[in-house]
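User: I would like to learn how to read a structure like this one, feature by feature. Could you give me the general idea each time and then the case at hand?

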Amino acid sequence: SQRFGRNSPHDSKLEKLLEQLDPRLNRRRDGAWEALRSDNPDRLSQAANSMVELLNQVIGQVCKDTDLATFLTKKYQTHQKTEWVNATRKWIQQTKDNLHSAKHHVDDQSEQLTKALLTTTESIILVILE
């Protein structure tokens with residue numbers, strides 16, 4: 001499979017966490033991967049766009065009345081707080097920026113990058129929801 005794999009523990013954990021947050025989120029996630037695998041000439045853009053929307057919706061729902069930095073700091077209080085939270089926020093922002101860039105390129109390298117970015121976004125969502 002081109003993502004974690006429907007039967008891997010990683011995949012089912014993410015699926016369960018998204019289901020608990022909002023059942024519609026798994027449809028958006030599946031749509032991103034289906035777009036990537038499709039024959040649509042605009043598939044990389046559609047896949048990247050769906051995954052950015054998924055990430056934004058997850059962040060919006062978990063952060064509600066706070067910002068991502070505050071949310072992560074509270075969630076991961078035992079970690080080397082400031083450095084880890086800043087690095088995680090930077091990771092999330094760079095992934096979003098790269099997803100936005102991936103929407104504008106269509107070649108073999110872009111396909112590999114888009115696939116890697118979708119998987120990275122799923123890892124970010126696990127960090128936020130676990």
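Analyst: Let us begin with Glu111, which has its place in helix 6, in what is a predicted model. Not counting residues up to four places away in sequence, Glu111 touches Arg43 and Leu44.

User: What joins the side chains of Glu111 and Arg43?

Analyst: The general idea is that side chains of opposite charge can pair when their charged atoms come close. Here a polar contact of 2.7 Å joins the two side chains, those of Glu111 and Arg43, and the pair also meets the criterion for a salt bridge, with 2.7 Å from N to O. Arg43 lies in helix 3 and Glu111 in helix 6 (residues 108-129), so this pair ties together parts that are 68 residues apart in sequence. As for its surroundings, Arg43 counts as buried, at 18% relative accessibility, since the cut-off for that word is under 20%.

User: How many salt bridges does the structure hold, and which residues do salt bridges that share partners join into one network?

Analyst: The structure holds six salt bridges. Asp11, Arg29 and Glu122 are joined into one network by salt bridges that share partners. Another pair is formed by Glu53 and Arg28, whose side chains meet at 2.5 Å, N to O. Glu53 belongs to helix 3 and Arg28 to helix 2 (residues 24-37), so the bridge ties together parts that are 25 residues apart in sequence. Glu53 is partly exposed, with a relative accessible area of 28%, and Arg28 is likewise partly exposed, its value being 28%.

User: Is Asp22 buried or exposed, and with which residue does its side chain meet in a salt bridge?

Analyst: Asp22 counts as buried, with 9% relative accessibility, and its side chain meets that of Arg24 in a salt bridge of 2.8 Å, N to O. Arg24, for its part, is exposed, having a relative accessible area of 54%.

User: I would now like to step back to the overall fold. What does the secondary structure of the chain come to?

Analyst: It comes to six helices and zero strands, and the elements run α-α-α-α-α-α from the N terminus on. Buried residues make up 43% of the 130 residues in the chain. If one takes the contacts with a separation of 6 or more, 70% of them are between residues 24 or more positions apart.

User: Which residues have the most contacts inside the largest nonpolar core, and which helix gives the most to this core?

Analyst: The largest nonpolar core has 36 residues, and those with the most contacts inside it are Leu18, Val58, Ile125, Ile128 and Leu129. Helix 1 (9-21), helix 2, helix 3, helix 4, helix 5 (81-102) and helix 6 each supply at least two residues of this core, while helix 3 gives the most, with eleven residues. To take one of the core residues, Ile125 touches Leu14, Leu18, Leu54, Leu55 and Val58, when residues up to four places away in sequence are not counted.

User: How should I read the burial pattern along a helix, and which are the buried residues of helix 4?

Analyst: An α-helix has 3.6 residues a turn, so residues three or four places apart point the same way. In helix 4 (residues 68-75), the buried residues are Leu68, Ala69, Phe71 and Leu72. Seen down the axis of helix 4, these buried residues fall within an arc of 165°, so they line one face of the helix. The N-terminal end of helix 4 is capped by Asp67, a side-chain oxygen of which lies 3.1 Å from the backbone nitrogen of Ala69.

User: Where is the place of Lys64, and what is its phi?

Analyst: Lys64 is in the loop between helix 3 (43-63) and helix 4, and its phi is positive, at about 30°, although Lys64 is not a glycine. The residue Lys64 is exposed, with a relative accessible area of 67%.

User: Finally, where does pLDDT stay under 50?

Analyst: Where pLDDT is low, the predicted coordinates should not be read in detail. In this model pLDDT stays under 50 over residues 1-7, for which there are 20 contacts beyond four places in sequence. The chain as a whole averages a pLDDT of 85, and 86% of the residues score at least 70.

Methods:
Residues are numbered from 1 along each chain as its sequence is written. This is a predicted model: local features need pLDDT of at least 70, side-chain atom pairs count only at pLDDT 80 or more; totals for chains, interfaces and linings use all residues. Side-chain values use heavy atoms; hydrogens and water are left out. Buried means under 20% relative accessible area, exposed over 50%, partly exposed in between (1.4 Å probe, protein chains only). Helices (H or I, at least four residues) and strands (E, at least two) are DSSP runs, numbered from the N terminus. The arc is that of the directions from the helix axis to the C-beta atoms. A polar contact is a pair of N or O atoms within 3.5 Å; within protein, one must be able to donate a hydrogen and the other to accept it, and residues adjacent in sequence count only if both atoms are side-chain atoms. A salt bridge is a side-chain nitrogen of Lys or Arg within 4 Å of a carboxyl oxygen of Asp or Glu. pLDDT is the predictor's confidence in each residue, from 0 to 100. Contact means heavy atoms within 4.5 Å. A nonpolar core is a set of buried Ala, Val, Leu, Ile, Met, Phe, Trp, Tyr and Cys residues joined through side-chain atoms within 4.5 Å.
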